Amino acid sequence: MEITYTEEIKRKLVHLSSLWMVAATLLLAPWRWAAVVLFALLLLLTLVSEHDYANGGRYLGKLYGRLFGRMLRNEVRPGQWIVSGGAPVLAAALLVNVLFPPWNAAGALAVMLTGDAAAALIGRKFGRHKLVNGKSLEGSAGFAAVGFAALAAVLAVTGRPARDYPLALAAVLLAALVELFQKQLKLDDNLTIPLCVGAVLLLG
C-alpha cells in the first residue's frame, strides 16, 4: 500500500524527530552502558506496542494506532504483527552504541536519519531520472548531500580531525548505494545504513 506524499512527510518528520538519539548518544558518551540500556528498553516498548496494536489492544495498541497507524506502509490485518520502521531505527541505535565509539555511533545515526528522509522526500517529489528499484538519481543525490552534511556536523561537534572528512564522504557514498540497492540486500536500510557508515569510519 503506497501512502500519500503528505503521509510520507509525516513519516519522515517522525524519522527526523529521532535525531534526539544522536544527541543522547553524545551526551551519554561517558556512560555508554546507559545509552545501550535506554535504546534496548525503547526497542522493547516499541515491539510490545506494535504487537498490541496488531492484536487490537485497548491501551498501548490503541495509543500506537492513533499516533502511527495511518503512517504504516502495510495495512495491519487482525492478528497480524507488522514491525514498522521505528523498531529497526531503535535496533540500529542499540547496535551502533554497542559496536562503535560514541562519535562514530552518533554520526552513523545522523546519516541514516537525515539521508533516508532526504532520499524519500526528494525522490518522490523531484525524481525524474530513474535508477533501480523505482528510486531516482535525485533521491540518491539528496541522500548523499544531506547525509554528509549531517555527518560533517557531528564530526565538527566532536572535534574530529580534518583527515576524517574524506573518510566520512566515502562512508556516506557507500551508504547511498546500500540505500539504493536495499531490495537486493533484503535487509532494512534503517539497520544497514548506520552499520555501514559506522564500519567504514571504524576501519578508517
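Two residues are in contact here when they have heavy atoms within 4.5 Å of each other. Keep that in mind as we walk through this predicted model, since much of the story is about which helices touch.

Let's start with the overall plan. The protein chain holds 10 helices and 0 strands, so if you follow the sequence from start to end you read α-α-α-α-α-α-α-α-α-α. Of the 204 residues in the chain, 46% are buried. The contacts also reach across the sequence: among those with a separation of 6 or more, 70% join residues 24 or more positions apart.

Now look at one pair of helices, α8 (residues 164-180) and α10 (residues 189-203). Their axes lie 9 Å apart and the helices pack at an angle of about 155°. Because angles over 145 degrees count as roughly antiparallel, α8 is roughly antiparallel to α10. The crossing of the two is right-handed. On the α8 side, the residues that meet α10 are L167, A168, A171, L174, A175, V178 and E179. Facing them from α10 are D189, T192, I193, C196, V197, V200 and L201. Sorted by class, this contact is made of 11 nonpolar, 1 polar and 2 charged residues.

That brings us to the interior. In soluble globular proteins, nonpolar side chains tend to be buried together. Here, the largest nonpolar core has 42 residues, and the members that touch the most others are F39, L109, F143, L151 and V197. The elements giving two or more residues to this core are α2 (20-27), α3 (32-54), α5 (86-99), α6 (102-126), α7 (137-157), α8 and α10. Helix α6 provides the largest share, with 10 residues.

One of those well-connected members, L151, is a good place to zoom in. What does L151 contact, leaving aside its neighbours within four places in sequence? The partners are G107, V111, A168, V172, V197 and L201. You have already met some of these names: A168 belongs to the α8 side of the helix pair, while V197 and L201 belong to the α10 side.

Finally, turn to a residue of a rather different kind in helix α8. P166 lies in this helix, and is P166 buried or exposed? With a relative accessibility of 55%, P166 counts as exposed, because the cut-off for that class is over 50%. Along the chain, P166 and A152 are 14 residues apart, and their C-alpha atoms are separated by 10.0 Å.

Definitions and conventions:
Residues are numbered from 1 along each chain as its sequence is written. This is a predicted model: local features need pLDDT of at least 70, side-chain atom pairs count only at pLDDT 80 or more; totals for chains, interfaces and linings use all residues. Side-chain values use heavy atoms; hydrogens and water are left out. Axes are lines fitted to C-alpha atoms, for helices over the stretch in contact, and angles run from 0 to 180 degrees between N-to-C directions. Helices (H or I, at least four residues) and strands (E, at least two) are DSSP runs, numbered from the N terminus. Angles under 35 degrees count as roughly parallel, over 145 as roughly antiparallel, 65 to 115 as roughly perpendicular and the rest as oblique. A crossing is left-handed if the near helix is turned anticlockwise from the far one by less than a right angle, and right-handed if clockwise. Ala, Val, Leu, Ile, Met, Phe, Trp, Tyr, Cys and Pro count as nonpolar, Asp, Glu, Lys and Arg as charged, and the others, Gly among them, as polar. A nonpolar core is a set of buried Ala, Val, Leu, Ile, Met, Phe, Trp, Tyr and Cys residues joined through side-chain atoms within 4.5 Å. Buried means under 20% relative accessible area, exposed over 50%, partly exposed in between (1.4 Å probe, protein chains only).
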